[in-house]
Amino acid sequence: MKVLVAGAGIGGLCLAQGLVRAGIDVRVFEREGGADSRYQGFRIGLDAPGLAALRECLPSRLHGLLEAVTGPLAGERRLVDQQLTELSRLGPTEGGTAADRHVLRQLLLAGLGDRVEFGRAVVGYRERPDGRVEARFADGSGVVGDLLVGADGVGSAVRRQLLPGAEVTAVPGSALLGRTPMTERLGALVPGAGTLVQGPGASLLIGRMDFRRPPRLAAAELAPEVELPDTGSYLRWVVMLPEPLAAGSSSWAEVRDRLLDLIHDWHPDLVELVRRSDVGNSSPLTIRYAEPVPHWGTGPVTLLGDAVHAMPPSAGQGANTAFRDAARLCRSLTAVHRGEAELIATVEEYELEMLDRGFAAVADGLARLPDFTPAR
């Protein structure tokens, strides 16, 4: 059996790691030119089921490194005003894990070698008379496999062909995603799992990415064959605004200055958080979510993660759901590989479970979104 994966994000790579572990031939095709072609977003929170799914797919030899290069995500979540006066407690988070998306993606690339091909954009596919599928690339070439998995994100070309009526909706207003190097002063803004600032005209959500060990040094000691970026601990923050603040051509420096004008009378530590943001790892952010879709009828093409059930980050379930998709699909394909199941039947079981679980997470994220959105 040969599995083709469109997209080398963390969901597709998690699936690939699990398939390699099971002895299944897998090839991953990524439109970006390389693993470092662009910054990879922000800190993500992993809950117990999401972390368990990731560990299920990841080789056991890398479990220690995964533990070392993540961080704690626990403690009280608090709501404050723009002067840091506490308004309420939002409840504790226990047993969570914080992970940097870029570090995690590099870890998930470990050992895959030439199974991952960069600069290869899957733009569509063709189902063959023999029941197999041919993935088609932007350059006109193709490759044949038994199953194509669309793990190519919210703009998925695979989904557009498989489900041409599927809709992805943008959340009204706008958002800015920032990253600021950790200092003792700024770290005090987040004494627990997270801090939500509700100010006039803007909401600011702040979280910590506090690595247990520096990723590059941890890899050198625990898994020398793995090269991880030299990333230091930082604060991740998201500003939600009722109206756009950035034009399409605006640089981060311009956007940051407009935001600083907007919050100039906020607490000095919040102003400093924005002022010291990392230009290379901060940007405007479009928050989108997928409308529910019915089961499409199983064939040699399926979907995973944001390619099918993109969701707002308000419930913290995007990465967790993608990892659970990957582990569930990997178990199904492993059964096929062992001769214990038929491909189409077991993929259909995966799809039905994934759709129910995934769109429940979308609904949860939408229900929680007003808590983070400023009034218009």
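**A mixed open sheet and two nonpolar cores**

In this predicted model, strand β4 (residues 71–80) runs parallel to strand β13 (residues 194–199), and four bridges hold the pair in register. One of the contacts along this seam is easy to pick out: L79 has L196 of β13 as its bridge partner.

L196 also looks the other way, standing opposite L205 in β14. Here the sense flips, with β13 and β14 pairing antiparallel over five bridges. The two strands make a hairpin with two residues between them, and G201 in that turn takes a positive phi of about 80°. Strand β14 (residues 202–209) is mostly covered, with six of its eight residues buried. On from there, β14 is joined to strand β15 (residues 234–241) by seven bridges, again antiparallel, and G207 finds its bridge partner in R236 of β15.

Zooming out, these strands belong to an open, mixed sheet of eight, ordered β3-β5-β4-β13-β14-β15-β12-β16. Because β3 (43–46) and β16 (283–285) each have a single partner strand, they stand at the edges, and one side of each is left without a neighbour in the sheet. Neighbouring strands are turned by 30° against each other on average, direction ignored.

As for the packing, nonpolar side chains in soluble globular proteins tend to be buried together. The largest nonpolar core here counts 95 residues, and L65 and F323 touch the most other members. Setting aside neighbours within four places in sequence, L65 is in contact with L107, A218, A219, L222, A223, V226 and L228. A second, separate core has 24 residues, among them V80, V190, W237 and V239.

Conventions: Residues are numbered from 1 along each chain as its sequence is written. This is a predicted model: local features need pLDDT of at least 70, side-chain atom pairs count only at pLDDT 80 or more; totals for chains, interfaces and linings use all residues. Side-chain values use heavy atoms; hydrogens and water are left out. Two strands pair if DSSP finds at least two bridges between them. Axes are lines fitted to C-alpha atoms, for helices over the stretch in contact, and angles run from 0 to 180 degrees between N-to-C directions. A nonpolar core is a set of buried Ala, Val, Leu, Ile, Met, Phe, Trp, Tyr and Cys residues joined through side-chain atoms within 4.5 Å. Buried means under 20% relative accessible area, exposed over 50%, partly exposed in between (1.4 Å probe, protein chains only). Contact means heavy atoms within 4.5 Å.
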